[in-house]
Amino acid sequence: MYNLLKGKRGIIFGALDQNSIAWKVAERAHEEGATFVLTNAPIAMRFGEINALAEKTGSQVIPADATSMEDLENLITQSVEILGGKLDFVLHSIGMSINVRKGNHYTEQNYDYTHKGFDVSALSFHKVMNVLYKNKAMNEWGSIVALSYMAAQRVFPDYNDMADNKAYLESVARSFGYFFGRDFKVRVNTISQSPTPTTAGTGVKGFGDFLVFAEKMSPLGNATALECADYTITMFSDLTRKVTLQNLLHDGGFSNMGISDAIVADYLRE
Ligand SMILES: NC(=O)c1ccc[n+]([C@@H]2O[C@H](COP(=O)([O-])OP(=O)(O)OC[C@H]3O[C@@H](n4cnc5c(N)ncnc54)[C@H](O)[C@@H]3O)[C@@H](O)[C@H]2O)c1
């Protein structure tokens, strides 16, 4: 380990279980010397697994529904108090689509579900940054990261309304990132991650087949949750201070591929 986050304080949203990308980020941040608060939706607390992570990383857990301004105010004020100072990093690792869960086709959404999914997966990022900004809760040269997926730019039909949510998420990183940079020297980026077998990931129809396809298409193979955590740690470290307003592709090269030998070989075999 490299002590990359020695003395840094943060908040990590979205560790549900050991497969969660946020879980791996918490483990890695702890190894790199950070102290942080873990948070998730009150309903996710019922599974109880986050307490094991809190114990392992010496962290406190503060439940917060990321769509509730009241919960976010409480979370951020309390975190600064508990950690003994302003924050150096925040990870937004939250995603949920009820249309995906219920199997509604993209062309026939239930718009109440669309609205809820947008609030949880996309608008929540604006809300989190709004509370951090208003409360001047970030230290200079701090770093805010949200996780995205390439369906924000390209068509992946079964990703459904999450594609639109990710497009908004990435846009907000740029728009809010401007003000955070100008006023507080804080950077804001999204990391666009390979398909990863987590609760949110495997909820998408055809996920298993797509995972194999992406693996064969990417010259370096799919990026794992742990590799995503490593990349996120670099974005929280002082080594990336001038990287901001970016959507950073962490996908083994998938996004710049047209076709690969492995996919052609599969095609010819059929
Ligand atoms: N798994 C993939 O294939 C993949 C690929 C690219 C990007 N991502 C993104 O990574 C992020 C993390 O997802 P993951 O794959 O680790 O899955 P995950 O299911 O482990 O994490 C999603 C988290 O969102 C939380 N959440 C849901 N509603 C919430 C609310 N109202 N308030 C606060 N938290 C809430 C869940 O409790 C859960 O902890 C998401 O933004 C996801 O879209 C995932």
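Burial, sheet and ligand shell in a predicted model

In this predicted model, eight of the eleven residues of β5 are buried, so the strand is largely enclosed by the rest of the structure.

Me: Which strands pair with β5 in the parallel sense, and over how many bridges in the case of β6?
Reply: On one hand, β4 and β5 run parallel and are joined by five bridges, with I144 of β5 as the bridge partner of V90. On the other hand, L147 stands opposite I191 in β6. The strands that pair with β5 are therefore β4 and β6, the latter pairing over six bridges.

Me: Which strands stand at the edges of the sheet, and why is one side of each left without a neighbour?
Reply: The seven strands form an open sheet with parallel pairing, in the order β3-β2-β1-β4-β5-β6-β7. Each edge strand has a single partner strand, so one of its sides lacks a neighbour in the sheet, and the strands in question are β3 (60-61) and β7 (247-250).

Me: Over how many bridges do β2 and β3 pair, and which residue does L38 stand opposite in β3?
Reply: Strand β2, which covers residues 35-39, pairs with β3 in the parallel sense over two bridges. Within β3, the residue opposite L38 is V61.

Me: Which strands does α1 touch as it packs on the sheet, and what angle does its direction make with that of β1?
Reply: The strands touched by α1 are β1 (9-13), β2, β4 (87-92), β5 and β6 (187-193). Taken against the direction of β1, the direction of α1 makes an angle of about 160°.

Me: Across which strands does helix α7 lie, and at what angle does it run to β6?
Reply: Helix α7, comprising residues 162-184, lies across β5, β6 and β7. Relative to β6, the helix runs at about 155°.

Me: Which element gives the most to the shell around the ligand?
Reply: The ligand is surrounded by 27 residues, and the closest are S20, G95, T198, A200 and G201. Two or more residues of this shell come from each of α1 (21-31), β5 (138-148) and α8 (199-202). With three residues, the element that gives the most is α8.

Me: How many residues of the shell around the ligand are charged?
Reply: The residues of the shell divide by class, with 14 of them nonpolar and twelve polar. The number that are charged is one.

Me: What radius of gyration does the protein have, set against that of a compact globule?
Reply: For 270 residues, a compact globule would have a radius of gyration near 18 Å, which agrees with the value for the protein. Of these residues, 44% count as buried. The radius of gyration of the protein is 18 Å.

Note on methods: Residues numbered from 1 in each chain as written. Predicted model: local features only at pLDDT ≥ 70, side-chain atom pairs only at ≥ 80, totals over all residues. Near = placed C-beta within 6 Å. Helix = DSSP H or I, 4+ residues; strand = E, 2+ residues; numbered from the N terminus. Nonpolar A, V, L, I, M, F, W, Y, C, P; charged D, E, K, R; others polar. Rg over C-alpha atoms; globule rule 2.2 N^0.38 Å. Buried ≥ 20, exposed ≤ 12 C-beta atoms within 10 Å, placed from the backbone. Pairing = 2+ DSSP bridges. Contact = placed C-beta atoms within 7 Å. Axes fitted to C-alpha atoms, helices over the stretch in contact; angles between N-to-C directions.
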